Amino acid sequence: MTKVFSGRKGEVEALRTVDLDIRRGEFVSVVGPSGCGKSTLLMLLSGLLGRSAGEITIDGTSITGPNSDLGIVFQQDVLLEWRSALDNVLLQAEIRKSDMGEARTRARELLRMVSLQDFEDAYPRELSGGMRQRVSICRSLLHQPPLLLMDEPFGALDAMTRDQLQIDLLKLCAARDMTVFFITHSISEAIFLSDRVVVMTPRPGRIERVMDIDLPRPRRLALREDPKFIGYVRELTEIFKSLGVFKEE
Amino acid sequence: MTKVFSGRKGEVEALRTVDLDIRRGEFVSVVGPSGCGKSTLLMLLSGLLGRSAGEITIDGTSITGPNSDLGIVFQQDVLLEWRSALDNVLLQAEIRKSDMGEARTRARELLRMVSLQDFEDAYPRELSGGMRQRVSICRSLLHQPPLLLMDEPFGALDAMTRDQLQIDLLKLCAARDMTVFFITHSISEAIFLSDRVVVMTPRPGRIERVMDIDLPRPRRLALREDPKFIGYVRELTEIFKSLGVFKEE
Amino acid sequence: EDLQDVRLRLAWIAGGVDAPVFMAAEKGYFADAGLDVEIVDGNGSTGTIQAIGSGDFDIGIAGMGALAQAQQAAGASDIISVAGLLQKDPTSIISLEGSGIAEPKDLEGKRLGTDAGNLEDGMIRAFAEANGVDFDKIEVIIINGGADRVALLKGDVDFINGWANPDGDKVAAQRPIEEPMLFADYGVNLIGSSVIVKKDWLAENGDAVKGFLVALQKAKADVAADPEAARDIFMEHRPDADPEGILQEIKVMQKYEHTAASEGKPYGWVAPSDVELTISLLEKYSGMKPGLTPDDIYSDAYLPVLTQ
Amino acid sequence: MASVPDTTYIARRPSLKQLAERIPPAVWTLIALLLFWELMVRWREIPQYILPAPSVILAEIISYWHRLWPNALVTMGEILFGFACAVCIAVPLAVSVVYSQFMARAVFPIIVMSQTIPKVAIAPLLLSWFGYGITPKIVIVIMLSFFPIVINTVMGLRATTPEMLHLARSMGANGWQIFWKFRLPKALPFVFGGLKLATALSVIGAIVAEFIGADKGLGYLILIAGANFDIARQFASIILISLMGMSFFGLLTWLERVAIPWRESVELSGKG
Amino acid sequence: MASVPDTTYIARRPSLKQLAERIPPAVWTLIALLLFWELMVRWREIPQYILPAPSVILAEIISYWHRLWPNALVTMGEILFGFACAVCIAVPLAVSVVYSQFMARAVFPIIVMSQTIPKVAIAPLLLSWFGYGITPKIVIVIMLSFFPIVINTVMGLRATTPEMLHLARSMGANGWQIFWKFRLPKALPFVFGGLKLATALSVIGAIVAEFIGADKGLGYLILIAGANFDIARQFASIILISLMGMSFFGLLTWLERVAIPWRESVELSGKG
Ligand SMILES: Nc1ncnc2c1ncn2[C@@H]1O[C@H](COP(=O)(O)OP(=O)(O)OP(=O)(O)O)[C@@H](O)[C@H]1O
Ligand SMILES: Nc1ncnc2c1ncn2[C@@H]1O[C@H](COP(=O)(O)OP(=O)(O)OP(=O)(O)O)[C@@H](O)[C@H]1O
Ligand SMILES: Cc1ncc(C[n+]2csc(CCO)c2C)c(N)n1
Ligand SMILES: [Mg+2]
Ligand SMILES: [Mg+2]
C-alpha cells in the first residue's frame, strides 16, 4: 500500500517539470531559495491551484479540485479577524461538522501545546506575529489530518518554541501515521524532521536533489550534535551553495 | 557624543520596566520568546506607539511622536497593494521629497541587491512571501537612514539569501555609520551581526541579559566556525533554555 | 430700454388659461405699459404665493381660495389679489359613461378617486352636503399626481373630482364620459386663478400693476378673437405643449372666466358676493379660521374699467 | 504625555461638565442650528408661510401631536417593514450577483437601470399593479432602499481575499459554509454601510409613496397641510420624519458596533 | 483542464458567435424584457394610457426626438454638473468626518438627518433660496447624490490598517501625504462603490428638481406629458432617462477598472 503523489507543472514563471513521490507516513521537507516555487508546489498538491499541464494523483486518483482531507499551514497566517484564537482553531471542526464539545477540548489542548492557553479569547489583531502563526498551526492539526502541508510554519518562532514544536510535531506524526509535506528555510530543521529533503533550484523551480535522511526515530534534540546530522547539514549547505552565486565582497 | 535610548513600559500584558542604551553606530539585536514584546519595544522606539509610563529619549530629547529619521522593516511586510515593487520602494523618496531620478537609480540597485531586478513591476500579490519581505527591506534602506529598526527582516528567507543579505547589511552599516536595532529568532544571526545582543524574558517582557559580542569586524561567513562564535551561541542558547520550561517528553 | 423688469409666476405649468399672458408679451402690450415681463411656470398655488411673499417674484397667478387660506392659516396677509382670471371653478365630478352617475345622489355607494389636496380643500364635502348626499356613503381612495384619471379609466374608481376642462376632456379622449357635474353649478364655487401681488410692492408699483392688467385685458380680447393665433404664440413660448390640447383649452376656458355675478363685467373684475361665498365655503368646509373679509383678499382698485 | 488620556480633566470638574458631555455633540449642533434659524426668522421678519420659526413648529408639534403621532406610526411601519423586505431581497440578490456571471452581467445592469426611473412618474403603474393599500408603499420603500444594500454587499462579498478562500476550500467548506463563515463576516462592515444609506432612502421612499396616494402617514399630512397652506404643520411633519430617519440611522450605527466587535479598534485608530 | 480557458471554442466558431458575444448580455435581457412587455400589452390588450407597448414608445421616441434630445441634454447637463459638485463636496466632507471628531460627532448626524427630508416637500424653500434657474436643480442633484459618496468614502478611508499608518508615520509622511498616498488609494474601491450609487441618485435628483419647477429637461417633459395624458411620451422620456442613467453607471464601472488596475484579479477571483 503506497500513497503516490506526482506533481508536474510547466508554467513560465513558477515550477518546471517537478516530479516527486511521497510515501504514506513519510515526512518530506522542501528547501530552496526564496521565490523558487515552494509555496506554489504546496498549493498544487493541495489542489487549491490548478496546474498548467501535467497531473497530480493521490493513490492513483487525479486531483482536480481541492482535497479537504488534509491540514494546511499557509505561509501567511490566514486568521479570520472576526474570530478569537480559539474560534479560529475551531473553524476546522465547524466546517467538518465534528462533535463540537470534543473539538473544543482538543483545540484547548493544542493551544496549550503552543503555550497560548491564556490567549484563547484574543482576536488576531491582539496577537504577536509568532502567536498568530501558532494559532494557525493548531488549526491545521485540529482534525488530525492524514496529510499535513506546512509552509514555513515555524518561521516566526523563537528557537526554543521552534524546538518544542518540532518535537511535538514529530510525536503527533508518529502517533497518527501522518504524511507531512514541510516547507522550511532552515536546513537543520529540514534534516531534523524529515525522512527525505527535497532541494529546489531558483526560478523556474525544479527539483535539484532529493536526499534521504537516514537518522533513527524518535528524534531528540541531542541528535543535532550527532556527527551524521552535522554531515547532512554540511552536505545540504554545499548543494545549496553550488546552486546560487554567492558574493561575499 | 552618545545617542541614548531608554524605553520603559509598565503595561499589564506587554513590556515591564525595560531599560536599554544604544550607542550611535551600534548594532543591537534582540532575541526572546515569541510574544515577549520585541515588536512592541521596536514600535516604542520608533515613537509609533505611545508608552504607558516612562520616557524614551534620543540624544536627551524625549520622543513624543513618530521619529521619521529612521528606516523600519515591520514584522509583516506592509506593502501597498496598489504599487509595484519598485514603487513601493520609492514611496520613501516620494514622501521625503528626495530627488526622484536618483532615488529610482538607488531603488533599482537595492532591488538588484536582493535579486529582485526582474520583479520591479510586479504587484505585491504577484510576489512570494520572501520576495515581499525583500521589497520591504529595500524600502527601509532607500533613504540611508541613520537609525534602522528591523523586525525579523530575514525570517522568510532561505539560508543563502539570508547570508547574502546579512553580509550586505553589515557593509551598509559600516559604510554609513548606521545604528541598527534588529529583532531576530536566530541566535547565530544575532551574534553574527551584533555588537550587543539583548535577551528578553517571556511575557511580560523584561531584559534578562545584555551580552557584548566581542568579535572583529568586518565579519565574514567563516566567522561562524570560529570557536569564540560557537561559544557565544552556546552561551546564549543556555540563557535561553534557562528561561523557559522545556519538555522533550 | 428703460422698461421695468417684472417677474411673473404662473400657478401651474403654462396652459391654455395662460394664453393672454403670452399674447400680451408677444403683442408688446406689456412693453406699452413700460414693463418687461418674464413668465415662469409654477407648480401650484402654494408655491406661487410663497414666491410672491418672499419677493422672488413680483406678480403671481394663484387661486383666490388658496390665498384666503394662506392668510388665515399662515399669516400671508401681506398679499392681495387684484384680479380674478378664472372665477368659476372648473372642478367637477367626472365619471365614465354608463357609471350610473347622473345626479349628485347617485354618488352614494360609489368609489371616489381623489387627490389628497383636492379632498382636503373640503369642496367635495360641500358639494355633497349642498346636494343632500351622505358623504360617509362614498368610499374615498386617495390617488395623487394625476393617477386618479388612470384609475377612473381602468375602473378602479367610479368617479373623480377634477377640472371638467381640460382634465375631463382628456379622459373623454380615451373613453366616453358622463357630462361633468360642475361644483359651481351646484352652489359650490371657489374663485380660482387670480392675479396676486405683495401689498408693499403694490404700494410702490401701483401703476405697473395697472399697466399689467390693462395689457392682460387687451390680450384677452385678442385671444378670444383669434384662438388659433393665440395657440401659435403659446407654442412659440412653450414648444413642448400639445397644440390641439392648448387650442381646445383656450376655447373652453373662456366659459370659466366669469360667474353669473360678474358676467358682462370687465375681464378680471370679481363680484364681492363671489368672494364672500369663497370665504364662507372655506370657513365651513375647509376648517379655515373665521374672520376674513373680502377686502382682505381682493381689491378692484387697480383694475381699469374698460368696456368690452 | 500624549498617550495619557484626559481622564484627569473629567475627574477634576465633576457634575455639570459630565452631564453636558453625556449629550451627543450633534444635539448641540442641532440646538445651535435651531437657534440660528429662530433668530434669522425673527430678525429678517421672514413670514411664517415661507419659513416658520422653530418655536412655531414646536408649538405646532405639541398642539397637533394627537394626529402627528398616529400618522408617524403608520409611516414608521411602512419604513421598517419595507426596509426589512429590502434587506431580504437585496442580500440574496447581491449574493447571486457575486456568485453568478449571468446575474452580474445580464440581470444586474437592468436593475441599475431601473434605479433611475423616477418613482413618482410611474405612480399610476405602481398603483394599478399593487393596488391602493399599503402594498405600493412597501414596494416603493423597497425599490428606493434595496440598491445601496446590493451595491455595498457585492463590494463586501468581493472583499474576501484569495487566501481566505484557499483556507476555506482546503477545509472542504461547501459553498454554503464559505458564504456564512468567510464571505459574510468579511462583508459585514460593507453591508452595514449599505444599510445606513438605505435607512435615509427608506424614509424618503415612504414619504414619496404617501405622496403618490395615501390616506394616512406623515407624507399624507405634509400633502394636506400643503393644500391647507398650513406651512407650520408641514414643517412639523418634516421635522418628525427627519428625527425618525436619524434615530433609524443611529440604531443601525449602534447595531453595527454590536455586530462587528472585532472592528472597534480599527475604527478608533481610523483617526489621524 | 479547468484552468485551460475556452479560447479554443472562440477560435473554432469565428464570426457570428463572436459578434453576438461582443454585445453585453444585459442588452439581451433588455431585449427579452421588451419583447415580453410588448407581447403582454398586446395579448392582455392593456390600453395605452396604462402601459404603452415598447413599439409605441419607440415610435414616440423617434417622432419626438427633435424635442427629446435637447431636453435630454439639459437634464444630462444638470446630472453631470450636479454629480461633479457632489463629488467635490462629498469627498472633502468624508475626509473631514474621518479626520475630525467634531465633524464626525457634531456635524455628520445633522447631515444624515437632512437626508431624510423629502426634497419635494421643501421645494418652495429651495426655490426661494436658490432662485428659479438651474441652481436649485444642481442643488437637488447634489443633495440626493452626495450622501452615498460620503458614507462609502468614510468607510474606505477607515479601511486603512493601523500597519499602513505606522508605515506612513515612520516615513515622516505629513497628513497630506498620508491622505494621498495611503488612505485615498486604499479607499478608492469604496469610493467607486459610492459613486456608482450616486449616479442613479443624481439622475433621480435631476428629474425631481425638474418636477419642482423647470421649463425644460426630461422631468419637465414627463410632467407636461402627464398633464396632457400623453402616456407614450411620458414613457419615452422615462426610457431615455433610464438609458442615460445606465450609461452613466457603465461609464463609472469602466472608470473604476481603469483607476484600480491592481484589484482586477481579486475581483475575478471573487467568483466562487
Ligand atoms: N499570483 C501570482 N501571480 C504571478 N506570479 C506569481 C503569483 N504567485 C507567485 N508567483 C510567482 O511564482 C514564483 C514562485 O512563488 P512562490 O510563492 O511559490 O515562491 P516560494 O518558493 O514559496 O518563495 P518564498 O520562500 O519566498 O515563500 C515567484 O517568482 C512569484 O513571483
Ligand atoms: N494590539 C494589541 N492589543 C492587545 N495586546 C497586544 C496587541 N499587540 C500586542 N499585544 C500583546 O503584547 C505582547 C507582545 O507582543 P509583540 O508583538 O511585541 O511580541 P513579539 O515579541 O514581537 O512576538 P513575536 O516574536 O511572536 O513577533 C503579546 O502578548 C501580545 O498578545
Ligand atoms: C389647466 C390646469 N391648471 C391647473 C391644473 C392643476 N390642478 C387641478 S386640480 C388642482 C387643485 C385645485 O383644486 C390643480 C392645481 C390642471 N390640472 N389643469
Ligand atoms: Mg513561499
Ligand atoms: Mg513580533
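Me: A residue counts as near a molecule if one of its heavy atoms lies within 4 Å of that molecule. Going by that, where does ligand 1 lie?

Reply: Between chains A and B. Bear in mind that this is a predicted model. There are 18 residues around ligand 1, and those that come nearest are Lys38(A), Ser39(A), Thr40(A), Ser128(B) and Gly130(B). Both chain letters turn up in that list.

Me: What makes the approach of Ser34(A) to ligand 1 a polar contact?

Reply: The cut-off is a pair of N or O atoms within 3.5 Å. An N or O atom in the Ser34(A) side chain sits 2.8 Å from an oxygen atom of ligand 1, so the pair qualifies. Gly35(A) does it with a polar backbone atom, 2.7 Å from a ligand 1 oxygen. The side chain of Glu152(A) has an N or O atom at 3.4 Å from an oxygen of the ligand, so that pair falls within the limit as well.

Me: How much of ligand 1 does the protein cover?

Reply: On its own, ligand 1 has 640 Å² of accessible area, and the protein covers 80% of that. Helix 1 of chain A and helix 4 (129-141) of chain B are the elements giving two or more residues to the shell.

Me: How do you know which residues coordinate the magnesium ion (ligand 4)?

Reply: For this metal, a donor is an N, O or S atom within 2.8 Å. Ser39(A) offers OG and Gln75(A) offers OE1, at 1.9 to 2.1 Å, so both meet the cut-off. Ser39(A) belongs to helix 1 (residues 38-46) and Gln75(A) to the loop between strand 4 (70-73) and helix 2 (85-96), so the pair ties together parts of chain A that are 36 residues apart in sequence.

Me: Why is Ser39(A) called partly exposed, while Phe248(E) is called buried?

Reply: Buried means under 20% relative accessible area and exposed means over 50%, with partly exposed in between. Ser39(A) comes out at 23%, so it gets the middle label. Phe248(E) has 11%, so it is buried. Phe248(E) sits in helix 12 (residues 231-259) of chain E. Leaving aside neighbours within four places in sequence, its contacts are Ile79(E), Leu80(E), Phe83(E), Thr199(E) and Ser202(E).

Me: What makes chains D and E a two-fold pair?

Reply: A turn of 180 degrees with a shift of 0.0 Å along the axis lays chain D on chain E, at an RMSD of 0.2 Å. The copies are therefore related as by a two-fold rotation axis. The same surface serves both, as 98% of chain D's contact residues recur in chain E.

Definitions and conventions. Residues numbered from 1 in each chain as written. Chains lettered and ligands numbered in written order. Predicted model: local features only at pLDDT ≥ 70, side-chain atom pairs only at ≥ 80, totals over all residues. Heavy atoms only, no water. Least-squares fit on C-alpha atoms with pLDDT ≥ 70 in both. Contact = heavy atoms within 4.5 Å. Donors = N, O, S within 2.8 Å, 3.2 Å for Na, K, Ca; no water. Helix = DSSP H or I, 4+ residues; strand = E, 2+ residues; numbered from the N terminus. Buried < 20%, exposed > 50% of the residue type's maximum accessible area, 1.4 Å probe, protein only. Polar contact = N/O pair within 3.5 Å; in protein donor to acceptor, adjacent residues only side chain to side chain. Areas by Shrake-Rupley, 256 points an atom, 1.4 Å probe, with all protein chains shown as cover.
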